[in-house]
Amino acid sequence: MNKILLSGIKPTGEPHLGNYLGALKNWVALQTSYRTIYSIVDLHALTINITPEELEHGTFDLAVDLLALGIDPKRSILFKQSDVVGHTELAWIFSCLTPVSELERMTQYKDMAKEKRGTSNAGLFNYPILQAADILLYKAEYVPVGEDQLQHLELSRVIARKFNQRYKQFFTEIKPVLSETVRVMSLHDPNKKMSKSLGPKSYIALRDKPDIVRQKIAKAVTDSLEGDTTLGGGHNLLTLFKNFGPSQRYEEFERQHALKKLSYAELKRELAEALIAFLAPIQERQAYFEKHPAEVQGYLAQGAKRAQAIADKTLEEVRKIIGLS
Ligand code: TRP
């Protein structure tokens, strides 16, 4: 098992069921078939408005959540990006190989820049270069990402190729790992993806307590029986039930939905209880780690040490190759 797989997650806001089904569930599963490296990318988080307290607490809370979900620090290298020296140095080297025109094509940047109307920072523009450095610093070959990150991954491949062409064959080709993930939509606006940027009522956080889960699901938007039932809120609730409820019950709901005879009140009641049951053991482990912060910090320190050893080796070779040694 020598295949290195790497992914990163920003410590901005609490993880929710959309993150879980879209990525984190896979992160846990992938640990059995790859050498997994998971990074809490705090340097990437600096591209958005975030206070020092939010960044510090967000990073710790995310580490707790990842451990509670089953990221095993003995198996995986779990670390904080800024703990490892080399990400930003490699990003600088890569920035000297990256055409500005490639960065200007990135849809995530264009969306952000539009939103910020001229106040966008250079970090947002260079974001994908740092991401390429995150991956190539560990010579990771496999990267599990959602569809929204495919363009960034393609740019990482372009950067690796540019390096190899200008200097010598050094970085291997990165391959996206498109595991079967589930797209969960916002609870109050089912046309949009479940996202922390849409506010707490749009998502169920991994930390939501039973009462909150019940309230949020009760208020979730459903489609009318007349409307397009393939995309609406009702379908989204069914998707959630499919992933967290008993499969036999799911099939019954699905049949009723197809016949337009589904009682959303009933679906919502059972869905809320299924989610609460799923979250209970995770929240128990969260509570444990929260009571043992030194243990969490210890895992991160140990992860950083292991990551640093790999990073040092790559950077030393890179420096030699480009004439900096
Ligand atoms: N940009 C990714 C996201 O928003 C996070 C990320 C940073 C990442 N570095 C990475 C993902 C390296 C995969 C590999 O989801």
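The side chain of H16 has a polar atom 3.0 Å from the backbone nitrogen of G18. A polar contact is a pair of N or O atoms within 3.5 Å; within protein, one must be able to donate a hydrogen and the other to accept it, and residues adjacent in sequence count only if both atoms are side-chain atoms. The model is predicted, so local features need pLDDT of at least 70 and side-chain atom pairs count only at pLDDT 80 or more, while totals for chains, interfaces and linings use all residues. Residues are numbered from 1 along each chain as its sequence is written, and side-chain values use heavy atoms, with hydrogens and water left out.

H16 sits in the loop between strand 1 and helix 1. Helices (H or I, at least four residues) and strands (E, at least two) are DSSP runs, numbered from the N terminus. With a relative accessible area of 2%, H16 is buried. Buried means under 20% relative accessible area, exposed over 50%, and partly exposed in between (1.4 Å probe, protein chains only). Apart from neighbours within four places in sequence, H16 is in contact with M194, S195, K196, Y203, I204, A205 and L206, where contact means heavy atoms within 4.5 Å.

Q31 lies in the loop between helix 1 and strand 2 (35-40), and its relative accessibility of 4% counts as buried. A polar atom of the Q31 side chain lies 2.9 Å from the backbone oxygen of G70, and the side chain of Q31 also reaches the backbone nitrogen of D72 at 2.8 Å.

Two residues that are not glycines have a positive phi.

| Residue | Phi | Loop | Relative accessible area |
|---|---|---|---|
| K139 | about 45° | between helix 7 and strand 4 | 29%, partly exposed |
| K260 | about 60° | between helix 11 (247-258) and helix 12 (264-291) | 41%, partly exposed |

The protein is divided into domain 1 (4-182 + 293-322) and domain 2 (196-287), with bounds that come from an automatic or database domain assignment. The contact between them takes 16 residues from domain 1 and 16 residues from domain 2. The C-alpha centres of the two domains lie 31 Å apart.

The largest pocket lies between domain 1 and domain 2, because both give residues to its lining. On a 1 Å grid over the protein atoms alone, a cavity is a set of points where a 1.4 Å probe fits but cannot get out, and a pocket is an open set with protein on both sides within 12 Å along at least five of seven lines; lining residues have an atom within 4 Å of a point. Grid points are joined across faces, edges and corners, and a volume is the space filled by probe spheres set on the points.

The largest pocket holds about 1900 Å³ of space. Its lining has 48 residues, of which K10, Q108, D148, Q149 and K193 are the closest to the centre. Helix 1 gives the most to this lining, with seven residues. The lining of the pocket divides into 19 nonpolar, 19 polar and 10 charged residues. Here Ala, Val, Leu, Ile, Met, Phe, Trp, Tyr, Cys and Pro count as nonpolar, Asp, Glu, Lys and Arg as charged, and the others, Gly among them, as polar.

The largest cavity has a volume of about 60 Å³. M106, Q108, Y109, M112, L124, Y127, P128 and H152 line this cavity.
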